[in-house]
Amino acid sequence: MTVRYTKDHEWVRLDGDVATIGISDYAQSQLGDVVFVDLPAPGRKVAAGDEVAVVESVKAASEVYAPVGGEVVEGNQAIADDPALVNREAQTGGWFVKLKVADKAELDALMDQAAYDAFLKTL
């Protein structure tokens with residue numbers, strides 16, 4: 001499964017028609033200790049670029065944006081119960097939402113791992 005990234009440090013991994021969305025390891029390191037997450041209810045429809053979740057850390061509250069549009073099928077209850085999971089497993093178990101993707105072509109506009117790594121070097 002290919003992972004794609006946004007310039008806002010979200011990642012998306014597609015499995016069939018379902019995209020799993022989270023924040024990059026870089027993003028969680030910039031946030032510091034995550035203390036709260038606000039997840040959307042299943043059934044909510046979002047467009048690419050829409051706020052899909054909120055993550056609060058000891059430093060700040062930040063929005064998590066949908067890299068692609070679709071319908072929320074699941075929020076990650078594990079991070080609601082243990083927000084620090086985002087810090088420990090940002091790109092695996094610390095995902096935020098799963099979306100049923102409306103248009104897979106939207107993934108083509110996102111960065112692959114090499115492009116994202118190059119982007120991080122410019123920050």
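**Strand pairing, cores and ring pairs in a predicted model**

Let me begin with one bridge, in which Arg4 is partnered by Val12 of strand S2. I should say at once that what we are looking at is a predicted model, and everything that follows is to be taken in that light.

That bridge belongs to the pairing of S1 with S2, which is antiparallel and extends over three bridges. Four residues lie between these two strands in their hairpin, and there His9 adopts a positive phi near 75°. If we follow Val12 in the other direction, we find its bridge partner in S3, namely Ile21, and S2 and S3, again running antiparallel, are joined by six bridges. The hairpin of S2 and S3 has two residues between the strands, and in this hairpin Gly16 has a positive phi near 70°.

Now to another part of the fold, where three strands make up an open sheet, ordered S4-S6-S7 and paired in the antiparallel sense. S4 and strand S7, which covers residues 61-65, are the edge strands, each of them pairing on one side only. On average, and with direction ignored, neighbouring strands of this sheet are turned by 25° against each other. Within the sheet, S4 and S6 run antiparallel and are joined by four bridges, and one can see Val34 standing opposite Ser57 in S6.

Just after S4 comes Leu39, which sits in the loop that leads from strand S4 (34-38) to strand S5 (45-46). Which residues does Leu39 contact, once its neighbours within four places in sequence are left aside? They are Ala53, Gly75, Asn76, Ile79, Ala80 and Phe96. Pro67, by comparison, is 28 residues from Leu39 along the chain, and the C-alpha atoms of the two are separated by 16 Å.

Phe96 brings me to the nonpolar cores, since the largest of them, with 26 residues, has Val52, Val68 and Phe96 as the residues with the most contacts inside it. Among the elements that give two or more residues to this core are strands S2, S3, S4 and S6, together with helix H1 (25-31) and helix H3 (85-88). There is also a second, separate core, of six residues, and Trp11, Met111, Tyr116 and Phe119 are included in it.

Two of those residues, Tyr116 and Phe119, lead to the aromatic rings, for which the count comes to two pairs. In the pair of Tyr5 and Tyr116 the ring centres are 4.2 Å apart and the planes are at 10°, under the 30 degrees that set the limit, so this pair is stacked. Tyr5 lies in strand S1 (residues 3-5) and Tyr116 in helix H4 (residues 113-120), so that the pair links parts of the chain that are 111 residues apart. Tyr116 and Phe119, by contrast, have their ring centres 6.3 Å apart and their planes at 40°, so that pair is tilted. Both of these residues lie in helix H4, three residues apart, which is about one turn of the helix. Taken together, the ring pairs link Tyr5, Tyr116 and Phe119 into a cluster. Are these rings buried or exposed? Tyr5 is buried, Tyr116 is buried with a relative accessible area of 2%, and Phe119 is likewise buried, with a relative accessible area of 15%.

One last contact involves a ring and a charge: the charged end of Lys98 sits over the ring of Trp95, at 4.9 Å from the ring centre.

Technical notes
Residues are numbered from 1 along each chain as its sequence is written. This is a predicted model: local features need pLDDT of at least 70, side-chain atom pairs count only at pLDDT 80 or more; totals for chains, interfaces and linings use all residues. Side-chain values use heavy atoms; hydrogens and water are left out. Contact means heavy atoms within 4.5 Å. A nonpolar core is a set of buried Ala, Val, Leu, Ile, Met, Phe, Trp, Tyr and Cys residues joined through side-chain atoms within 4.5 Å. Buried means under 20% relative accessible area, exposed over 50%, partly exposed in between (1.4 Å probe, protein chains only). Rings of Phe, Tyr and Trp (its six-membered ring) pair if their centres lie within 6.5 Å; planes under 30 degrees apart count as stacked, over 60 as edge-to-face and the rest as tilted. A charge sits over a ring if NZ of Lys or CZ of Arg is within 6 Å of the ring centre and within 35 degrees of the ring normal. Two strands pair if DSSP finds at least two bridges between them. Axes are lines fitted to C-alpha atoms, for helices over the stretch in contact, and angles run from 0 to 180 degrees between N-to-C directions.
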